[in-house]
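Please work through the exercises below with the sequence and the model open beside you. Each task is followed by a solution that goes step by step.

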Amino acid sequence: MRVLVTGGAGFIGSHTVLALLEAGHEPVIGDNFANSSPKVLERLEQIAGQPVTCHEVDLTDVAATDALVADVKPDAVIHFAGYKAVGESVEKPLMYYTNNLDSTFAVLAAMTEHGVEKFVFSSSATVYGPDAPLPYHEEYEPLRATNPYGWTKAMIEQIVTDVAAASPGFKAALLRYFNPIGAHESGLIGEDPSGTPNNLMPYIAQVAVGRREKLGVFGDDYDTKDGTGERDYIHVVDLAAGHVAALDHLDTMSESARAFNLGTGQGTSVFELLHAFERACGKELPYEVGPRRAGDLPVTYADPTRAREELGWKAEKTIDDMCVDTWRWQSANPNGFGG
Ligand code: UD1
């Protein structure tokens, strides 16, 4: 299948482009590099040993997005493009709602105009909100979020569901990611957040490489196995494979839109991840326990049963794999794609 991958130069998008190539699909990237580097394209070509096509486009530009879809003539769209920093979304809600919703409207309109009926959306476990029982199950309602970024995911899930229901033949998979970490085993591509990392793994990796002095642990007084927050970390290569499985599943799906958790079903604490990373990089890493971060939940993890039964997909890689692969990427690229 020819697959338009919006946001394909980003962390999860770039790994998915490789997974698509490996599966014999033909990915075409659409990205404006708002939060990614064009250098990722050379790296993808180096790993894949073949050219990777990319169009630089702002997807909030309706005419440009229509022209892109008319030009590429994809069989399917995987829609990653969007802003994703929780804290920034609280400070600049309009920027988040405008960018994430307008780009989705433009993509869906272009798909409708040009008869493209397969859609895979990059959603998040954040749509379960603060009250869902553990483990998180796809049937849980109502979706809600605790910040504008999360609300854009919940809103887009609703929009896609409505558009799919109104368009005979349209099939959409809504993929709810848990906590993607790790990197491709080549060490050539990986996560490269701009500024100070908001998320745990890139922060630990930057401490290990000497860019940050120490990890701040956001609370050790939760009712969890060691007092620190537990999350369902998933290797980005497993996550990428989940997208290919979802794409291949769309034809046989009876619903017009369906949500799937992409997680492992296992919770790992902050200290467990830190110690696994210490094993991977061969040194102790400094940390300091501080107060809880506002809005954090003690524990989140997936019920991954639906993806296993319906997509035939499950996460294979361990926490140690995730740390070894992140360290390979970060140590070879201490400043990410910035050289
Ligand atoms: C965060 C977002 C979520 C988003 C996800 C993407 C918040 C409140 N939630 O989730 O919406 O979809 O990232 O992966 O930001 N921690 C520290 N020190 C740090 C950073 C994190 O102790 O410097 C702890 C946190 O308290 C948490 C765990 O590490 O217990 C994981 O945090 P993080 O990587 O930010 O992910 P989430 O909070 O799950």
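**Exercise 1: the second largest pocket**

Task: Find which helix gives the most to the lining of the second largest pocket, and describe that lining.

Solution. Helix α6 gives the most, with five residues, where helices (H or I, at least four residues) and strands (E, at least two) are DSSP runs numbered from the N terminus. The model is a predicted one, in which local features need pLDDT of at least 70 and side-chain atom pairs count only at pLDDT 80 or more, while totals for chains, interfaces and linings use all residues. Residues are numbered from 1 along each chain as its sequence is written, and side-chain values use heavy atoms, with hydrogens and water left out.

Next, take the space itself, which comes to about 350 Å³. On a 1 Å grid over the protein atoms alone, a pocket is an open set of points with protein on both sides within 12 Å along at least five of seven lines, a cavity is a set where a 1.4 Å probe fits but cannot get out, and lining residues have an atom within 4 Å of a point. Grid points are joined across faces, edges and corners, and a volume is the space filled by probe spheres set on the points. Of the 17 lining residues of this pocket, E141, E157, T161, R176 and A259 are the closest to its centre.

Then place the lining on the fold: α6 (148-166), β6 (171-177) and β11 (257-262) each supply at least two of its residues. By class, the lining of the second largest pocket has seven nonpolar, two polar and eight charged residues, with Ala, Val, Leu, Ile, Met, Phe, Trp, Tyr, Cys and Pro counted as nonpolar, Asp, Glu, Lys and Arg as charged, and the others, Gly among them, as polar.

**Exercise 2: the ligand**

Task: State which residues come nearest to the ligand, and which atoms make polar contacts with its oxygen atoms.

Solution. Begin with the shell of 18 residues around the ligand (a heavy atom within 4 Å), in which L200, G216, R231, R293 and D296 come nearest. Strand β8 (residues 215-218) gives the most to this shell, with four residues, and the shell divides into eight nonpolar, seven polar and three charged residues.

For polar contacts (pairs of N or O atoms within 3.5 Å), consider the side chains before the backbone. An N or O atom in the side chain of N179 is 2.9 Å from an oxygen atom of the ligand, and for the side chain of S124 the distance is 3.3 Å. From the backbone, an N or O atom of F218 lies 2.9 Å from a ligand oxygen. Finally, the ligand taken alone exposes 740 Å², of which the protein buries 86%, with accessible areas from the Shrake-Rupley method and a 1.4 Å probe.

**Exercise 3: an aromatic pair**

Task: Explain why the pair of F277 and W327 is edge-to-face.

Solution. The structure holds eight aromatic pairs, for which rings of Phe, Tyr and Trp (its six-membered ring) must have centres within 6.5 Å, and planes under 30 degrees apart count as stacked, over 60 as edge-to-face and the rest as tilted. The ring centres of F277 and W327 are 6.0 Å apart and their planes stand at 85 degrees, so this pair is edge-to-face. Because F277 lies in helix α9 (residues 270-281) and W327 in helix α11, the pair ties together parts that are 50 residues apart in sequence.

Conventions. A polar contact is a pair of N or O atoms within 3.5 Å; within protein, one must be able to donate a hydrogen and the other to accept it, and residues adjacent in sequence count only if both atoms are side-chain atoms.
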